[in-house]
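Thanks for coming, everyone. I'd like to walk you through a structure that's new to most of you, so let's get it up on the screen.

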Amino acid sequence: MHEMALMGEIVQLIEQDARMKNIKYVKKVELVVGTLSNALPDALQFAFDVYKIQEDNCLTTDAELIIHVEKAKAICTICGQQYEPVAKIAQCPTCLLPTGRMVAGETFRILAYEGG
Ligand SMILES: [Zn+2]
């Protein structure tokens with residue numbers, strides 16, 4: 001489960017940023033997770049719940065994680081059709097060729113966090 005390591009990096013990034021802004025604790029984190037980003041929301045939530053009860057980070061023990069799921073979207077480079085791909089190699093439903101250019105759904109980023 002690589003979400004554990006991924007969440008560890010997120011917590012570190014937030015901590016660095018919070019320190020610069022003189023924020024001592026973080027009680028809410030919002031992430032954008034694409035459906036094809038290789039990170040599972042359930043596993044991220046689990047990892048977050050493990051990190052927030054640890055004392056050595058800025059998360060409060062009742063910190064909240066909000067995950068905004070971004071649907072995958074691809075545009076066919078031949079016919080221009082927009083569709084929702086089910087895999088990273090996007091096959092156009094019209095051309096039946098793997099000609100889709102991914103425009104959404106691979107995102108994994110921190111949208112916001114709140115603290116004090
Ligand atoms: Zn096409």
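Before we look at the metal site, one bit of vocabulary: four donors count as tetrahedral if all the angles between them lie between 85 and 135 degrees. Keep that in mind, and keep in mind too that this is a predicted model.

Okay, the metal. Which residues coordinate the zinc ion? They're Cys76, Cys79, Cys92 and Cys95, each through its SG atom, at 2.3 to 2.4 Å. The angles among those four donor atoms run from 107 to 114°. Every one of them has to fall between 85 and 135 degrees to pass, so the site of the zinc ion comes out as tetrahedral. For reference, the ideal angle for four tetrahedral donors is 109.5 degrees.

If you follow the donors along the sequence, the spacing reads C-x2-C-x12-C-x2-C. There's also a database record to set beside this: an unreviewed UniProt entry lists Cys76, Cys79, Cys92 and Cys95 under "binding site". They're spread over 20 residues of sequence, yet they cluster in space, with a largest C-alpha distance of 8.7 Å.

Let's take a few of these cysteines one at a time. Cys76 has a relative accessibility of 3%, so we call it buried. Cys79 is partly exposed, at 39%. You'll find Cys79 in the loop between β3, which is residues 73-76, and β4, which is residues 82-83. Leaving out residues up to four places away in sequence, Cys79 touches Cys92, Thr94 and Cys95.

What about Cys92: buried or exposed? Buried, with a relative accessible area of 0%. Cys92 sits in the loop between β4 and β5, and β5 covers residues 100-104. Beyond its neighbours up to four places away in sequence, Cys92 touches Cys76, Cys79, Gln81, Tyr83, Leu97 and Thr99.

That last name is worth a stop. Thr99 lies in the loop between β4 and β5, and with 16% relative accessible area it counts as buried. Setting aside residues within four places in sequence, the contacts of Thr99 include two of the zinc-site cysteines we've just met, Cys76 and Cys92, along with Ile75, Thr77, Ile78 and Ala90.

One more residue from that loop between β4 and β5 is Leu96. Its phi is near 55°, a positive value in a residue other than glycine. Leu96 is exposed, at 55%.

Now let's zoom out. The protein chain has two helices and six strands, and from the N terminus the elements run α-β-α-β-β-β-β-β. How spread out is the protein chain? Its radius of gyration is 17 Å, while the globule rule gives 13 Å for 116 residues, so the chain is more spread out than a compact globule. The C-alpha trace spans about 55 × 25 × 15 Å along its principal axes.

A few totals for the whole chain. Of the 116 residues, 37% count as buried. About 7,000 Å² of the protein chain is exposed, and carbon and sulfur atoms supply 54% of that. Then there are the contacts between residues at least 6 apart in sequence: 68% of those join residues at least 24 apart.

Back to the start of the chain for a moment. The unreviewed UniProt entry also lists His2 under "binding site". His2 lies in the segment before α1, which is residues 3-20. At 42% relative accessibility, His2 counts as partly exposed. Apart from residues up to four places away in sequence, His2 touches Asn38 and Ala39.

Just after α1, in the loop that leads to β1 (26-34), is Asn22. Asn22 isn't a glycine, but its phi is positive, about 60°. Asn22 is exposed, with a relative accessible area of 57%.

Last stop: Lys52, in helix α2, residues 41-52. Is this lysine buried or exposed? Lys52 counts as buried, at 15% relative accessibility, because the cut-off for buried is under 20%. Lys52 and Asp62 are ten residues apart in sequence and 7.2 Å apart in space, C-alpha to C-alpha. With residues up to four places away in sequence left out, Lys52 touches Leu59, Thr60, Thr61, Asp62 and Ala63.

That's the tour. Happy to go back to any part of it.

Note on methods: Residues numbered from 1 in each chain as written. Predicted model: local features only at pLDDT ≥ 70, side-chain atom pairs only at ≥ 80, totals over all residues. Heavy atoms only, no water. Donors = N, O, S within 2.8 Å, 3.2 Å for Na, K, Ca; no water. Tetrahedral: all angles 85-135°; square planar, octahedral: opposite > 155°, others 65-115°. Buried < 20%, exposed > 50% of the residue type's maximum accessible area, 1.4 Å probe, protein only. Helix = DSSP H or I, 4+ residues; strand = E, 2+ residues; numbered from the N terminus. Rg over C-alpha atoms; globule rule 2.2 N^0.38 Å. Contact = heavy atoms within 4.5 Å. Areas by Shrake-Rupley, 256 points an atom, 1.4 Å probe, with all protein chains shown as cover. UniProt positions renumbered as here; feature names shortened; annotations may be inferred.
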